[in-house]
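Here's a quick tour of one sheet and the charged side chains around it. Have the viewer open while you read.

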Amino acid sequence: IEIINIRVAVSAPVAEGELRVASGRSGGSALKGRRRAWVGAVSRYEDLPVYDRYALAVGESVTGPAIVEEASSTLVLPPAATARVDVAGNMLVELG
């Protein structure tokens, strides 16, 4: 006997999930320093603020041009963009 393909479908009841709310910062400023970076919108290098992503509190906003750093990624905000931390800890970016 040779079996080429088997398909299985499973369903189960799901318990109510709970959204974990971000706790906010541990204290101090999220501003780590400044870095010279190219800003394409104005075609020149500028001295941009650099923020620590993990130190941003829920509801806190960062306005571009700016850089937000974390261990696995870097968010570069262009001029007139705003990034805000929501209650789940996500960064919501609005381009302006």
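## The hairpin

Start at the turn of the β1/β2 hairpin: four residues sit between the two strands, and S43 takes a positive phi near 55°. Keep in mind that this is a predicted model, so that phi is a computed value like everything else here.

On either side of the turn, β1 covers residues 31–39 and β2 covers residues 44–52. The two run antiparallel and are joined by eight bridges. If you want a register marker, look at R36, whose bridge partner in β2 is D47.

## Building out the sheet

How do the strands line up across the sheet? The order is β1-β2-β4-β5, an open sheet of four strands with mixed pairing. At the edges are β1 and β5 (74–77), each of which pairs on one side only. Ignoring direction, neighbouring strands here are turned by 25° against each other on average.

The "mixed" part is easy to trace. Strand β2 runs parallel to β4 (residues 66–69), with three bridges between them, and V50 has I67 as its bridge partner in β4. Moving on, β4 and β5 go antiparallel and share four bridges. I67 turns up again in that pairing, with V76 as its bridge partner in β5. As a reminder of the chemistry, strands of a sheet pair through backbone hydrogen bonds, either parallel or antiparallel.

## Salt bridges

Now for the charges. Side chains of opposite charge can pair when their charged atoms come close. With a cut-off of 4 Å between a side-chain nitrogen of Lys or Arg and a carboxyl oxygen of Asp or Glu, the count comes to four salt bridges.

One of them is R34 with D47, where the closest N and O atoms are 3.2 Å apart. R34 lies in β1 and D47 in β2, so this pair ties together parts that are 13 residues apart in sequence. D47 is partly exposed, at 45% relative accessibility. Remember that D47 is also the bridge partner of R36, so D47 is a handy residue to click on when you're checking how β1 and β2 fit together.

Another is R35 with E69, at 2.8 Å between the closest N and O atoms. Here R35 is in β1 and E69 in β4, so the link spans parts that are 34 residues apart in sequence. Are the two ends buried or exposed? R35 is partly exposed, with a relative accessible area of 36%, whereas E69 counts as buried at 16%. Salt bridges that share partners also bring in K32, giving one network of K32, R35 and E69.

R44 and E46 form a salt bridge too, with the closest N and O atoms 2.9 Å apart. R44 is partly exposed, at 44% relative accessibility.

## A buried arginine without a partner

R53 is worth a look of its own. Its place is in the loop between β2 and β3 (61–63). R53 is buried yet has no salt bridge. Which side chain of opposite charge is nearest to R53? That is E70, 4.3 Å away, and the salt-bridge rule asks for a nitrogen and an oxygen within 4 Å.

What does R53 touch, then? Leaving aside residues up to four places away in sequence, the contacts are V68, E69, E70, V85, G89, N90 and M91. Among them is E69, the residue that pairs with R35.

Technical notes: Residues are numbered from 1 along each chain as its sequence is written. This is a predicted model: local features need pLDDT of at least 70, side-chain atom pairs count only at pLDDT 80 or more; totals for chains, interfaces and linings use all residues. Side-chain values use heavy atoms; hydrogens and water are left out. Two strands pair if DSSP finds at least two bridges between them. Axes are lines fitted to C-alpha atoms, for helices over the stretch in contact, and angles run from 0 to 180 degrees between N-to-C directions. Buried means under 20% relative accessible area, exposed over 50%, partly exposed in between (1.4 Å probe, protein chains only). Lys and Arg count as positive and Asp and Glu as negative; His and the chain ends are not counted. Contact means heavy atoms within 4.5 Å.
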